[in-house]
Amino acid sequence: MSLVLYNTLKRAKEPFTPLRPDHVGMYVCGPTVYDLAHIGNARPVIVFDVLYRLLKRRYPRVTYVRNITDVDDKINAAAKANNEPIAALTKRTTDQFHADIAALNALPPDVEPRATEHIGEMIALIQILIERNHAYVAGRRRGLHVLFSVESDPAYGKLSNRSRDEMIAGARVEVAPYKKDPADFVLWKPSSPDLPGWDSPWGRGRPGWHIECSAMSKKHLGQTIDIHGGGVDLVFPHHENEVAQSECAHGQTFARYWVHNGFLTVNGEKMSKSLGNFITIRDALKLAPGEVIRAFMLGTHYRQPIDWTEEALKRARARLDRWYRALARATPAAPGAGEIEHNWEREFLLALDDDLNTPHALSVLDEQASCVLGAGSADATRFAATLRANAYLLGLLTKDAGQWFRQGAANDGLGESEIERLIAERNDARQRKDFAEADRIRKQLSDQGVVLEDKAGATTWRRTG
Ligand code: AMP
Ligand code: ZN
């Protein structure tokens, strides 16, 4: 068994072998922190979290680097619009991002470099590019720009496989008088006193977007990295430009496997801030718990588009409910990875090894749940442990079953204490032999998705989802 990944560069699936047999390096482009992240931004977080978990299972050491872009013109504009200092905006938004994706059970990356903390590394890289004649300084009345010369790189375009005209149209390039070629892109640009800026050999200025990932991946993972990931919208121009910068500077392969997730869409259109068709992770978490959102996303192969609908979320919730019902048959149902039963582990890992075939992996969990639900009580406990251990690799079934059925999304109406209060009222009514009132309370709860079970003198409850 070995992991196979679709490599965008080769336009084919390839067996994955790391450069160093015992240490995998993975770099994923992270968020630009100017506003709450939307659920489309959560897709790469979830996809690469699963890849990270799988790599950790397969290799002794994995270094996962996901950056924070905290210098960007969108940030400058948002800070101005909010009348908020830039540093306060980026810190607040980064904290919100962390809280949101923790609720999606995403493991933190090993390194989370911030662009503003790597300006020195970016300047050094730009200097190498100038020395090697891959970049040039262009004069302008208001300050100096440094541009990457696309013409100097015969391999430019190899990742996105685009023609020159397509590249120019796709990058929506600014045709500026200081550019030798309209396809050249900015490595460094001048900053006016009201904008963030750093001293450099080209005066006070700030970096272009692409150079940060070349500089930060070099610092934290070296000149050649095993896996580079991000959403498919990043292939061009961002990743194309990263390869050009890094390979022209170092003369060696930048990233060996390029992995890109497809879009999360709304009515078939990419979810994005600019189209205004987005729902924030925060709001999505009001509709469903993080594990439901994960199960929804992982129900489609990562390279396929996936349409956001509440019906699909409901189906994901029903699926998880069934798995948790299976876990509830185990005694005791302790959270955490259990012992793995050989066959199920093998089938499950085979699915993930096949270019992260999570839809297949989820169907293995369905079968495992059926096994638990149909087993005698001794076997149920053993099978449930295997189910939980496999699900852990997808960041699912991390809760205890009782906790799962008690938790509701924030807008499910009834909070836990309200439910407990109504149950206590119903018990009082039953003691008074006011069965009409007891039945009314039971119905009120069931109308709001809470089912009561009376067993051995105690009442337990769960949500029906
Ligand atoms: P951004 O902050 O826009 O640079 O996006 C951060 C990450 O989210 C990048 O890897 C993007 O490719 C990814 N992304 C943005 N929108 C979507 C979407 N609708 N579906 C899937 N991935 C997305
Ligand atoms: Zn990047």
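Helices and strands here are DSSP runs, a helix having at least four residues and a strand at least two, numbered from the N terminus. On that basis the protein chain has 16 helices and 15 strands. The structure is a predicted model.

The overall dimensions come next. Along the principal axes, the C-alpha atoms of the protein chain fill a box of roughly 90 × 55 × 35 Å. The chain has 465 residues, and 51% of them are buried. Its accessible surface comes to about 20400 Å², with 50% of this belonging to carbon and sulfur atoms. When contacts between residues at least 6 apart in sequence are considered, 75% of them join residues at least 24 apart. The chain carries 61 positive and 60 negative charges, and the mean positions of the two sets are 1 Å apart.

The zinc ion (ligand 2) is a useful place to enter the structure. Its protein donors are Cys-29 through SG, Cys-213 through SG, His-238 through NE2 and Glu-242 through OE, and they lie 2.0 to 2.6 Å from the ion. Along the sequence these donor residues follow the spacing C-x183-C-x24-H-x3-E. The angles among the 4 donor atoms run from 72 to 128°, and the site is irregular. Four donors count as tetrahedral if all angles lie between 85 and 135 degrees, and the lower end of the range at the zinc ion (ligand 2) is 72°. For four tetrahedral donors the ideal angle is 109.5 degrees.

Two of the donors belong to one helix. His-238 and Glu-242 both lie in helix H7, which covers residues 235–250, and they are 4 residues apart, or about one turn of the helix. An α-helix has 3.6 residues a turn, so residues three or four places apart point the same way. Both side chains belong to buried residues: His-238 counts as buried because its relative accessibility is 1%, and Glu-242 counts as buried because its value is 0%. The cut-off for buried is under 20% relative accessible area.

The rest of helix H7 fits with this. Of its 16 residues, 15 are buried, so H7 is largely enclosed by the rest of the structure. Val-235 is in helix H7, and at 9% relative accessibility Val-235 counts as buried. Leaving aside residues up to four places away in sequence, Val-235 touches Thr-8, Leu-159, Ser-160, Glu-240 and His-260. Leu-394 is 159 residues from Val-235 in sequence, and their C-alpha atoms are 26 Å apart in space. Pro-237 also lies in helix H7, and the peptide bond leading to it from Phe-236 is cis, with omega near 0°. Most peptide bonds are trans. After H7 comes Gly-251, with a positive phi near 65°.

Another donor, Cys-213, leads to helix H6. This helix spans residues 211–221 and is mostly covered, with 8 of its 11 residues buried. Cys-213 is one of the buried residues, and the others include Ile-211, Glu-212, Ser-214 and Leu-221. Just after H6, Gly-222 takes a positive phi of about 95°.

Further along the chain, two loops between helices contain unusual backbone angles. Most residues other than glycine have a negative phi. Leu-397 is not a glycine, yet its phi is positive, at about 55°. Leu-397 lies in the loop between helix H13 (377–392) and helix H14 (401–406), and counts as buried because its relative accessibility is 1%. Lys-433 is also a residue other than glycine with a positive phi, near 65°. Its loop runs between helix H15 (416–431) and helix H16 (435–447). Is Lys-433 buried or exposed? At 62% relative accessibility, Lys-433 counts as exposed, the cut-off for exposed being over 50%.

One more loop residue completes the tour. Glu-117 is found between helix H3 (86–102) and helix H4 (119–131), and counts as exposed because its relative accessibility is 55%. Glu-117 and Lys-218 are 101 residues apart along the chain, and 14 Å separates their C-alpha atoms.

How values were computed. Residues numbered from 1 in each chain as written. Chains lettered and ligands numbered in written order. Predicted model: local features only at pLDDT ≥ 70, side-chain atom pairs only at ≥ 80, totals over all residues. Heavy atoms only, no water. Donors = N, O, S within 2.8 Å, 3.2 Å for Na, K, Ca; no water. Tetrahedral: all angles 85-135°; square planar, octahedral: opposite > 155°, others 65-115°. Buried < 20%, exposed > 50% of the residue type's maximum accessible area, 1.4 Å probe, protein only. Contact = heavy atoms within 4.5 Å. Areas by Shrake-Rupley, 256 points an atom, 1.4 Å probe, with all protein chains shown as cover. Lys, Arg positive; Asp, Glu negative; His and termini not counted. Charge placed at Lys NZ, Arg CZ, Asp CG, Glu CD.
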